[in-house]
2 protein chains.
Amino acid sequence: MGTCLMTSVAMNGLKEKVLTLDTMNPCVRRVEYAVRGPIVLRALELEQELRQGVKKPFTEVIRANIGDAQAMGQKPITFLRQVLALCVHPDLLNSPDFPEDAKRKAERILQACGGHSLGAYSVSSGIQLIREDVASYIERRDGGIPADPNNIYLSTGASDAILTVLKLLVAGEGPTRTGVLIPIPQYPLYSAALAELNAVQVDYYLDEERAWALDVAELRRALCQARDHCCPRALCIINPGNPTGQVQARECIEAVIRFAFEERLFLMADEVYQDNVYAEGSQFHSFKKVLTEMGPPYATQQELASFHSVSKGYMGECGFRGGYVEVVNLDAAVQQQMQKLLSVRLCPPVPGQVLLSMVVSPPAPSDPSFAQFQAERQAVLAELAAKAKLTEQVFNEAPGIRCNPVQGAMYSFPRVQLPPRAVQRAQELGLAPDMFFCMRLLEETGICVVPGSGFGQREGTYHFRMTILPPMEKLRPLLEKLSQFHAKFTREYS
Amino acid sequence: MGTCLMTSVAMNGLKEKVLTLDTMNPCVRRVEYAVRGPIVLRALELEQELRQGVKKPFTEVIRANIGDAQAMGQKPITFLRQVLALCVHPDLLNSPDFPEDAKRKAERILQACGGHSLGAYSVSSGIQLIREDVASYIERRDGGIPADPNNIYLSTGASDAILTVLKLLVAGEGPTRTGVLIPIPQYPLYSAALAELNAVQVDYYLDEERAWALDVAELRRALCQARDHCCPRALCIINPGNPTGQVQARECIEAVIRFAFEERLFLMADEVYQDNVYAEGSQFHSFKKVLTEMGPPYATQQELASFHSVSKGYMGECGFRGGYVEVVNLDAAVQQQMQKLLSVRLCPPVPGQVLLSMVVSPPAPSDPSFAQFQAERQAVLAELAAKAKLTEQVFNEAPGIRCNPVQGAMYSFPRVQLPPRAVQRAQELGLAPDMFFCMRLLEETGICVVPGSGFGQREGTYHFRMTILPPMEKLRPLLEKLSQFHAKFTREYS
Ligand SMILES: Cc1ncc(COP(=O)(O)O)c(C=O)c1O
Ligand SMILES: Cc1ncc(COP(=O)(O)O)c(C=O)c1O
């Protein structure tokens, strides 16, 4: 009773809140997420000001900050939306306006849903039929290497699956705390998740001089240093890379797998851009395929989780939040624990599962929808390839900007020279120098890009990430405007 | 370098896995989730056996284990699906088969989406227009008390929002670890989330003798005991109750608010069943409304988060994973932290947001869809009310079963007497006695219900949770079969 009386506060006047910055979860406080950080909030404000008629040196804000194709005007793939509409509103199955193959697909999916409706929870790992579709897709992708539907878990976007696997891996305190190796520059989901889960972020640097290649010597350096203060247990790879746009060579993947095996690291392969490969000579190799083809002991023992999503590729269906993880060589008891953890969240959104099913089993050449599907898909991928090329070209013509080839994914990550006086001015303002640059860029041109400091970069270098998603007719002027702004900024501060 | 060499293992033969039960996250290991536990896995197996032609004493498995209306045959509300289909596949906006008001709604929503498409990520807190719709709904529901769209966050089902708020609250170690009061019996998302987050679960018991009422003296007992070993900082209420089906009286809610204020507890009100109230004389009172009407200091200072979902009510759109949380009197800096945390997950699924928008702004009496919408809605709610009544009646006619009135939600939670020899037999098998009962029930009748031990119950009492969702024509035989099985089971073990 004593304790209760002690903590009960007198009722006169204001009490302090229960939940304050001081009392809240300190791990959450440490989370950072640049892709939607202050620069995006400012972009929102500017848009509002424009709508209210405030005069600006630009007429629209262009959001090149996030890999969100449809937000930038890309049209949905017709077939995907036809099937989904049929599933959402099955009365349409009687409509003459939908092709037969779309109807067949929709009926097949509805049969596999509880109560034949998207409105029922699915099993927590996702609809069994769709897990089987995903397994077939992986087998085709990987030249016949088998995939087991029971090792596939559908998710609320890849983000959710990545968080789930990281959550399983986190344990220990002080020097035994789990460490996770992540690339720098990285997609900030990783740093944010590790902060939230109170794991140790172990940085390995990609080699900008070699088109952002991953170097095993650098992995080893990072690992050895980390072992002094934590217990590194996992290695994350993003391939094709975000924000860096590189596509890993097969030999490099082999070397990474050997390294992970020797050093006993759980591999996490973020392969959400597997359909986004543009550069001549670049090709996507899945970690699963390479691992399997390396034979034992790698094929039989190396633990791997590989992630995919409906948000990227040619479909860009971000809003539906569909994705999956395939686990390989996962301990059976741990897999049961994973299953249990997923069941607490009930299930991933069923519409996202349906879209995923279309992505992994698109129309076949004999289907009525094939020609249109194929044409729409190719058009998107061809335009992305052209925009990747153009981005590299225009940036590399600008003095003080250097851009590696955009081999894959949806981003360029050019390096910018910033004059010492600009760096100094930023420091006076308490801003990272590239944040200062990007903020000024936004205020003066309406172009919204994310500073490199949000992804990590070598000390003393400055970058920004810009998507290649704006429509072609806007992209060229955009790139030129950005280059001109950089020149002007450089003059202003030298 | 020394550390690296030491931990590198020789390459002969098998290595232990990196991720095992011993090395994995111990908090995840401690998670339990009964609603999808062993009994549901066994039900799945039985269904498969039936399909394969194995002879059983029943012809179908009836899943009365989960609050999933459409899985049990409930039809979706037409208007909701029409609007969603239009949003998914906007070509349909030209179709004569959709009512004008559905088209208007769809166009309004598409206007508010990035790129006018559901395929774009929304802002992390959810589409602004829909947050405004939710705010208007809350104002209407609460008799005009204002709601601020900026305090509303859309979510991936209520589950996601509940996890987010709990995550903010968790801090401390040892005796300063955050404690969270939850009802017993509870919806096991709460115990699972607290285990995962390494917070302390503090049980307060609902009073079965008074129709599962919440008693402030019991809250005080639980709180005082907990203060010896943790730092209780939040109080969860589920109203209407899952699994217990009670609807709280207004005086009770006032008493709980006063208690929370005096004891400085953050209130979490799980109100996902706010549309599911059946009993004569029962009425839903939101915590927000009662809190506000109590005036200062409660209205101005008491922190509250209230949760809602598209999964329950009359729509039962579980698969879409839509929901929201409204926060009240949350510290502004903490709210910014919450915003940041949400942004890491990018956004809730947009189709779920769209359905939520329909639920909070349904057709008005002047709209062409009003009559049908209203008729469908009423039919579902009337049938649920009838099934709630029937369940209570049939169970209370059975000797050895005692069932409180199902005032609201979707479940009965009857108490069953189990003979001492059955309890002994269960213990020999290493099972909770009610798990033993439910497993036998499933094997012999095909009826799948969840043992009370999965939700918590007073020591030495036994219960099961059964949904009221099976269609009327199945429900009566089901209830009778269950009662008869209990009688037989009782004879067998006495
Ligand atoms: C590398 C990478 N992984 C994962 C994701 C998450 O995507 P989603 O959760 O939408 O599937 C993204 C999104 O941009 C990404 O770039
Ligand atoms: C009391 C309660 N809260 C929350 C939920 C979560 O529902 P959802 O995540 O589907 O919105 C449920 C689901 O059964 C519930 O019963």
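Buried area is the accessible area, taken with a 1.4 Å probe, that two parts lose on being put together, summed over both. The exercises below apply this idea and others to a predicted model.

**Exercise 1.** Describe the interface of chain A and chain B by its area and its residues.

*Solution.* Begin with the area: chain A and chain B bury about 9,000 Å² between them, and 60% of this lies on carbon and sulfur atoms. On the side of chain A, the residues that lose the most area to chain B are A:Leu19, A:Tyr121 and A:Arg264, which together make up 9% of what that side buries. Then turn to the residues, where chain A contributes 104 to the contact and chain B contributes 104.

**Exercise 2.** Find which polar links cross this interface, and decide whether A:Glu196 and B:Lys167 form a salt bridge.

*Solution.* The rule finds 47 residue pairs in polar contact across the interface, both residues being at pLDDT 80 or more, and it also finds four salt bridges there. For the named pair, the distance from N to O is 2.8 Å; the cut-off is 4 Å, so A:Glu196 and B:Lys167 do meet in a salt bridge. By class, the side of chain A that touches chain B holds 53 nonpolar, 27 polar and 24 charged residues.

**Exercise 3.** Classify the aromatic pair of B:Phe489 and B:Tyr493, and state whether its members are buried or exposed.

*Solution.* The ring centres are 5.1 Å apart and the planes stand at 50 degrees; because stacked requires under 30 degrees and edge-to-face over 60, the pair is tilted. Both B:Phe489 and B:Tyr493 are buried.

How values were computed. Residues numbered from 1 in each chain as written. Chains lettered and ligands numbered in written order. Predicted model: local features only at pLDDT ≥ 70, side-chain atom pairs only at ≥ 80, totals over all residues. Heavy atoms only, no water. Contact = heavy atoms within 4.5 Å. Salt bridge = Lys/Arg side-chain N within 4 Å of Asp/Glu carboxyl O. Polar contact = N/O pair within 3.5 Å; in protein donor to acceptor, adjacent residues only side chain to side chain. Nonpolar A, V, L, I, M, F, W, Y, C, P; charged D, E, K, R; others polar. Phe/Tyr/Trp six-rings, centres within 6.5 Å; stacked < 30°, edge-to-face > 60°. Buried < 20%, exposed > 50% of the residue type's maximum accessible area, 1.4 Å probe, protein only.
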